[in-house]
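Biologist: I'm new to this one. Could you show me how to read it?

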Amino acid sequence: MAGKVRIAVVGLGFGAEFIPLYQKHPDSECYAICQRNEDHLREIGDLFGVERRFTSFDDLLATEEIDAVHIVTPIASHAPMTIASLNAGKHTACTVPMGVTKSECLDIVKAKRRAGRVYMMMETAVYTREFLYAKELAESGRLGEIQFLRGSHQQNMSLPGWPDYWYGFPPMHYATHAVAPLLSLSKKEVENVACVGSGRIRGEYADRYGSPFAVETALLKLKNSPLRCEVTRSLFDTIRQYRESFDVYGTERSFEWEQVAGERHVLYSGYEDAERITVPDFGHLLPSEIAPYTLHGVYDEEHEHTSFIQGAGHGGSHPHLVHEFVRSIVEQRESAIDAACAANWTMTGICAHESALAGGKWIEVPA
Ligand SMILES: NC(=O)c1ccc[n+]([C@@H]2O[C@H](COP(=O)([O-])OP(=O)(O)OC[C@H]3O[C@@H](n4cnc5c(N)ncnc54)[C@H](O)[C@@H]3O)[C@@H](O)[C@H]2O)c1
C-alpha cells in the first residue's frame, strides 16, 4: 500500500478514543469520522482536527479514498455494518462483540473471505498489560503446561444512564472479554459449551431479551486439548465491583487476577509461594509515537485532554489494537483476531446463552 492507511472511525462514543492513535501511528491517518448526531460529530471533528465528517455510513462507504473502517457503534449494528463495509472493499475492524447470532458471525466470515480484506475484532482483553504479561509467562515456558483457565466479567449495569439497548442484554452475548484471554493463552478454539443460569434479574429487564438470569456460568471444552475452562458473566442485579479478569493455572506457575481493584494480581510459584506483582506496561512493542498510550492516565498536551486517553479501564490495550489492525493491512496478512477467530470467541458466548436457556445442555460451537 502506498502512503498511510486512511482510516474512518464510525461511532464516536468509545470510538473517539481511537482517533488520536490513528493520527499518531506512523502508518495511518484518521481520514474521516462518522456518527449520526451532527452536533457531536462537529465537536469531535473540531477537537481532533478531522475534516472529513459523515452522518451517513453509506456515504462513507462510497468514498474511495477510505481504505479501512473501524466500527464502534451499538451492538446490534456490528454485523450489518461490518458486512456492508467488507462488501464495499474496506478493511474492517469492529469493536466487540462480532455479532449477536451465530449466523451473523458466520456471515462475516464469508464476507471477509469474499472481500479478501483484513477483518479484526478489536478485543481489548487480549492486549491489556495483564494479558501481555501472562502471554509472556506462557510463551517463555515459565507457566509450564497450562492446566486450567478461568475468565470472569462482572459488571452491574442496573443503574440508569447506559444506552437503552443494554438493559436486559444476555450476559453471555457480551462474553468475549472473559472468553478471549483463555483461548488466546491456550491457543485453542472452543468445541462445545455448557452453561447454567443462576438467580433472576428484575422482570422489566428480563422481558426485553427473554433473558432472565442474573449470572451465567459456562464450561468450555477446547478442541484437540485436555483443557476445560470456566467463564462467569453478570450484568444486572448482582453486586460486585467491576471485574474483567482471567486466571491461569500451570504446572510451574499460576496467575490470579486481584480480588479487589488496586490490591494487585498474584503470581504463584513453587509449592506454596505467592507474591503480589505489578504488571509492566508493554509500550516497547509499539512505535514510539503511540507507546506512551499504554500507560495509565497519559495527558495529551496537544488537546489538553485526558478523557479519551485509555487508562486502567482497558489496561493500555487501545494502541496495541490500532497497531495490529494497521500493520496487518500494511503487511497484507490476517490480523491477530481475524474473522474465524472472532467468530469462535463470540459464538462461544452465544452458544453458552443458548445452553443456559436449555437447562445446561452441551451446545456445539459451529466450525
Ligand atoms: N472494552 C471494549 O472493548 C468496549 C468498551 C466500551 C464499549 N465497547 C463497544 O463499543 C460500542 C459503542 O459503545 P459506546 O459506549 O460508545 O456506545 P454509544 O451507544 O454511546 O455510542 C455509539 C456511537 O455510534 C454512533 N452510531 C450509532 N449508529 C450509527 C450509524 N448507523 N452510523 C453511524 N454512527 C452510528 C452513535 O452516533 C454514537 O456516536 C458498543 O458496541 C460496545 O459494545 C467496547
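Modeller: Let's look at helix packing and then the ligand. This is a predicted model, where local features need pLDDT of at least 70, side-chain atom pairs count only at pLDDT 80 or more, and totals for chains, interfaces and linings use all residues. Residues are numbered from 1 along each chain as its sequence is written, and side-chain values use heavy atoms, with hydrogens and water left out.

Biologist: At what angle do the axes of H6 and H7 cross?

Modeller: Axes are lines fitted to C-alpha atoms, for helices over the stretch in contact, with angles from 0 to 180 degrees between N-to-C directions. Helices are DSSP runs (H or I, at least four residues), numbered from the N terminus. Here H6 (residues 129-139) and H7 (residues 176-186) cross at roughly 25°, their axes coming within 10 Å. That makes the two roughly parallel (angles under 35 degrees).

Biologist: Which residues of H6 and H7 make the contact?

Modeller: Contact means heavy atoms within 4.5 Å. H6 brings Phe131, Ala134, Lys135 and Ala138, while H7 offers Pro181, Ser184 and Leu185.

Biologist: And how far apart are the axes of H7 and H10?

Modeller: They're 9 Å apart, at an angle of about 130°, with H10 spanning residues 339-357. H7 and H10 are therefore oblique.

Biologist: Which residues come nearest the ligand?

Modeller: Being near means having a heavy atom within 4 Å. Of the 22 residues around the ligand, Phe14, Gln35, Thr73, His78 and His314 come nearest. As for single atoms, a backbone N or O atom of Val96 sits 3.0 Å from a ligand oxygen, and a polar side-chain atom of Tyr165 is 3.4 Å from a ligand oxygen.

Note on methods. Parallel < 35°, antiparallel > 145°, perpendicular 65-115°, else oblique. Polar contact = N/O pair within 3.5 Å; in protein donor to acceptor, adjacent residues only side chain to side chain.
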